[in-house]
Amino acid sequence: MNGKATGRTRQLINAATAYRKYLIGVAITVSVYAILGFFLAPWLVKKTAIESVTENLNAELDIGKVAINPFVLSLKIDDSQLTDSAGNTLATVDQIYVNFQLSSLFRWALTFDEFYVVGPELFLARDASGALNAAGLLKEKPESEHAPVEAVDSSPPRLLIFDFAIHDSVVNWNDQVPVDPVETVFGPVNIDIAELNTLPKREGRQDVVITTETQGTLSWSGTLQLSPINSIGHATIEGSHFPLASAYMRHETGVDIVDGTASAELDYSVVTGADGAISAAIDNFNLTFSDVLVRSFHGSSSDSGAERDLFAIPGIEVTGGTLRWPEQTLAIASLSIDDAAISLYRKADGALDLGPANAAAEPALADDEPLAAEPLAAESSDPTTGGDAWKFSLQQLAVNRLSLVLIDDSVVPQADIGLQSLDLGITGISNEPGASFPTKLNVVARTGGNIALDGTMTILPEPVLDFALTIDGLQLAGAHPYLKTQADVNLDSGALNMSGRLQSSSAEPLLLRGDLDVVDFLMTETDEGSRLGSWAKLAVQKFAFSSAGQSLEISEIHVHQPYGDILIGKDGSVNLGRVRKADLDEEDVATKDEVAVAESAESPFDVTIGRVVITEGAADFADLSLPLPFAATIANLNGDMSTIATSSKEPSTVSLEGKVDEVGFLRISGNITPLDTSRNTDLKVAFQNVEMPKFSAYTIPFAGREIASGKLDLDLGYKITESQLIGENKIVLRDLELGDKVPHPGAMSLPLGLAVALLKDPDGKIDIDLPVRGNVDDPDFRYGRVVLKALGGLIVKIVASPFALLGKILGVEASDLEYVAFPAGRSDLLPPEIQRAGKLAEALALRPELVLELRGVIDADVDGLALKTAQLDELVEERLAENATADIDDAMYAKQRKTVLEKLFAESGLTQDAPVALEALRLQFTTTNAEIEQGDIEEQFDELAYTAELRLQLIGVQQLAEGRLDVLANERSANTRAAIVSVNADLAERIIIGEPQASEKSSDDEVRMKVRLRTGSDDDEIE
């Protein structure tokens, strides 16, 4: 056994002896390899790297330590630093570690097991000229040193790194170009990639995390294949990233983003198909901005104000975003903006305070510098034109509770306006042609009131809007500062309400229809604070505005409790002289007026108003053009104006009645064209029974005398034809008694008492005619000389009538008791006549033996025409009411009225063939103008004049009921008796109603009934 062991040992010794020289050779080789690898190779790598940098770059490389393990094929470099020629650090690296694999020989690719870079730090900077510190690193070689250019394989080198990582990377950025230099740090940046390679169809896994100095984080994870390109991954952004961007933009834009965070995430994929085409997709894209605050930025601007918060947006959120390429589709599920607050300031010069005062402007071109060519329009992306188009869709857009404040110092007083809340919702948004987006908008104004839109809008192929529009209680006082720039007035109150429809398209840019009203409107003078104009309610019923048709049509306007301050100046012009801005340039105003007239002539705007109804109106009236300046307060003004149409030559008829002071009466009647008063105006303004003593304030400066008593009748007649004014005005003073003399500087030295006595006619009246001539288009026209006409002589009437005697006892004139006047076709007593009835009651009470006989009167022509007119108008209104009840006609008032009159014409029997007669009448009011150059004929139909003629013919054929005039006469005497008895019931048996009779004296609009006295003992009349 031992022998066998000894034999084996000897065999091993012999074998070792035989291979010893080989083992020694291997040991020596390994030792040399180790020495070279561990000691020589690091020195060579370090030396070569430093020399290479020095040779090729304008920089120096410093390496702390190089370690190589030749057995595991690893390289580690510690503490590297790159500095430029000035000694400034450009980059540092804590450690570079590389582990090479011999498998590279089998894969035909450079293969690394590990490749780590730890703590790389870059120092990048730009100086004030914009030069980058790293831009000059490469040395320029002489031309001769450049190697000849050879064709190079453009395919990437075959590379495989199993584990690639960059950890704790930092980029330092210093930029001296902006006004405020920017210095920031990007990092740490951490990148981990599994199997980074350029091998075909082999992908790797990547993770990248970047943290900014402001704690913002950008991260990405996914797979990457470079040949061909394929990648799937997920990216996120979190934290604040605004301050850096703001540092570059604030001096140029004047805004600074001082706070806010952003977060975003998305899933993506990029795939290369078999044909080499790349397709890409993004899903689950979500973006959120939180607590964003934007502030105005003035920098070092010397004339800038304090910085102000402009925008505060607590939340903006985009969710559900998707993108597809090459399909070119982009879709977003929702975009919402919540509780945004916008604050704007407008400076005194009218500029918004959004930027620095010295913001860069566009450089001016030199005189010899050519203008840059206009950029070519981008190719159309409209599918209908054949171009490739992106398809975009946004399922829901929501703006919730947005507020806006505008402080405007460009007007005085400062304006403080804006939106308290804005809510907007739009669904189904896309760029598909013909796509319609349901839209809702609700706005609450800061000054009060709501505006709401509800409808649809279309963007492509052209914008089309269709909204129901509602305005509720929109306060107008917010516009006061802007009105103040034009007139010295205060817009104290007023609320706008509207219900209608707003539409817009290429054919009709703006079509607005509906009803609106303005309630509680009040405007006062700035200096005196007196009420200048007001109304309780102005209602516009059924209006239609068309910008394409250049027209505004209104069915009816009702004005309830309007008030106006009416002033006729010494030159006869009606104006608002007290409120006109004194600093307005007269020349500029005149120029603007001329331009407005020229534009109006080029593109006439048609306005039609069916009628205007005024109820319970009031006004302060003053006419300084009269010899004795006149002023009065008007109340209980009621009436209407007929159809107003700019396209018709037919003027509007005016009929208004009201009360003046305590017992006075006002009537306004005639024709007027409100929108062009210089064209066709024939207006009468009549004041009756106005008390005179209050006019002492005017007569004292004029003649140094007070007015003790008296009453005034004033007839103002203004007739304007083709801008030529003819005024035939008349003043009647009754019972005028002068008071004490009052010394006054500038008063004329006149024997006024004698003059008054001479001017009184037998009825105690003074007549003054006031002829006026001029062109109303000439602002310098004035009234002619006032001609005083004395009516009657100096013969004193000795024989007095019983009425004269009673008038003397009562302190009234005989004419105040002798007649009672009635409006044509009416039997009611107006305020002056009610007062007259009271005086008759007093007279009868003073003379118990007298009996009063009342014989109702009629004027067949005047009353007959008035009754027929009223009868026709009542019939027309009945028919209109029937149409309204039946809800069968939605036409405007003027058109409804024309239709009713045509039907009545057909029923009237005026002609056997009504259609033919109506057509002939239409032709009578149709004008044709041959256009020689165009060769066509344009017809224009004057519908308003045609309607007026229909009405006139129908009035003529109205048949009054038999005895209707007698009934009217009896009603007049009965109403007069009732008015007297209402004052004194004991007089009922002393008033006799006689047989009706024809009026002894009439005018076009008034019928007078003479009052007769009898004694109680016989039937003899005492007149």
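**Strand partners and a helix side**

Q: Which residue in β21 is the bridge partner of Leu465?
A: The model is predicted, so local features need pLDDT of at least 70, side-chain atom pairs need 80 or more, and totals for chains, interfaces and linings use all residues. Residues are numbered from 1 along each chain as its sequence is written, and side-chain values use heavy atoms, without hydrogens and water. Strands β20 and β21 (residues 489-504) run antiparallel, with nine bridges between them. In β21, Leu465 is bridged to Ser504.

Q: Which residue of β20 is the bridge partner of Met457?
A: Strand β19 covers residues 450-458 and β20 covers residues 464-475. They are antiparallel and joined by nine bridges (pairing takes at least two in DSSP). The partner of Met457 in β20 is Leu465.

Q: How many residues does the hairpin between β19 and β20 pass through?
A: The two strands run antiparallel. The hairpin joins β19 to β20 through a stretch of residues that number five.

Q: Why are Ala914, Leu918 and Leu921 on the same side of α13?
A: Helix α13 spans residues 914-924, and these three are buried in it (under 20% relative accessible area, 1.4 Å probe, protein chains only). Pro915, Val916 and Leu923, on the other side of α13, are exposed (over 50%). The buried three lie on the same side because they cover an arc around the axis of only 60 degrees.

Q: Which helices are included in what covers the buried residues of α13?
A: The buried residues of α13 are Ala914, Leu918 and Leu921. Their cover includes helices at residues 893-908 and 943-956, namely α12 and α14.

Q: Is Leu36 in a helix or a strand, and which one?
A: Leu36 is partly exposed, with a relative accessible area of 42%. Leu36 belongs to residues 2-56, which form helix α1.

How values were computed. Helix = DSSP H or I, 4+ residues; strand = E, 2+ residues; numbered from the N terminus. Arc of directions from axis to C-beta. Contact = heavy atoms within 4.5 Å.
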